[in-house]
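Let's take a friendly tour of a protein chain, starting with one helix and then stepping back to the whole. Have the sequence and the 3D view ready.

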Amino acid sequence: MDRKFERLQEIIESHEGRVSHLIAILQEVQEEYRYLPEEVLTYIATAMDISPATVYGVATFYSQFSLVPRGKYIVRVCDGTACHVRGSEPIHEALRESLGLAAGQTTTPDMQFTVETVSCLGACGLAPVVVINGDEVHGQTTKESIVKAVKKIVSQEQQEENKNSSEMGCCQNA
Ligand code: FES
């Protein structure tokens, strides 16, 4: 079996292939691949013996699922009422600008960042709220603070990349 589908099969088996677990299965699969590729949806339908239209229908109904590739870091800017009133829009714009996202683009070409807006994240007391990768919550955000947080990630990634390439250089020279 293609290695790509091996993990997929494991996830389905861990839920005993139950159709009632379809959303949970899709969530885990998306964590694995960062999005839900079409061939993966087809595989799930075949493996669970349900119609591709059912799987596709669930995957497109919930906004948490993405059928297009997304970045390593998913930055969600809350645009619920409390956050909107406290300036989520300029924060969203500043974020997009700092990442060089063109109009209509949500993911950076290097596949590092995806910037999305979401409705109320349930932390209105902290408005405006931005969440990175589901667990890094930034409350009472300002344009400056969120741009700084993203720049920090960019520089961490660069350091990691430099470290990896110098290690590779070291091994190649050995
Ligand atoms: S409106 Fe943003 S957390 Fe509620």
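## Where helix α3 ends

Keep in mind as you look around that this is a predicted model. Start at aspartate 49, which follows α3. The phi angle of aspartate 49 is positive, near 60 degrees.

## The two sides of α3

Now move back into the helix itself, which covers residues 38–48. Which residues of α3 are buried? They are Val40, Leu41, Tyr43 and Ile44. These four lie on the same side of α3 because the arc they cover around the axis is only 160 degrees.

Turn to the other side of α3 and you will find Glu38, Glu39 and Thr46, which are exposed.

## The neighbours of α3

What do the buried residues of α3 pack against? Their partners are three stretches of the chain: α1 (3–14), α2 (22–33) and α4 (52–61).

## The whole chain

Let's zoom out. The chain has 174 residues, and 20% of them are buried. Seven helices and four strands are found along the chain. Reading from the N terminus, you meet the elements in the order α-α-α-α-β-α-α-β-β-β-α.

How far apart along the chain are residues that touch? Among contacts with a separation of 6 or more, 60% join residues that are 24 or more positions apart. As for overall dimensions, the C-alpha atoms fill a box of roughly 55 × 50 × 30 Å, taken along the principal axes.

Key
Residues are numbered from 1 along each chain as its sequence is written. This is a predicted model: local features need pLDDT of at least 70, side-chain atom pairs count only at pLDDT 80 or more; totals for chains, interfaces and linings use all residues. A residue is buried if 20 or more other C-beta atoms lie within 10 Å of its own, exposed if 12 or fewer, and partly exposed in between; C-beta atoms are placed from the backbone. Helices (H or I, at least four residues) and strands (E, at least two) are DSSP runs, numbered from the N terminus. The arc is that of the directions from the helix axis to the C-beta atoms. Two residues are in contact if their C-beta atoms, placed from the backbone, lie within 7 Å.
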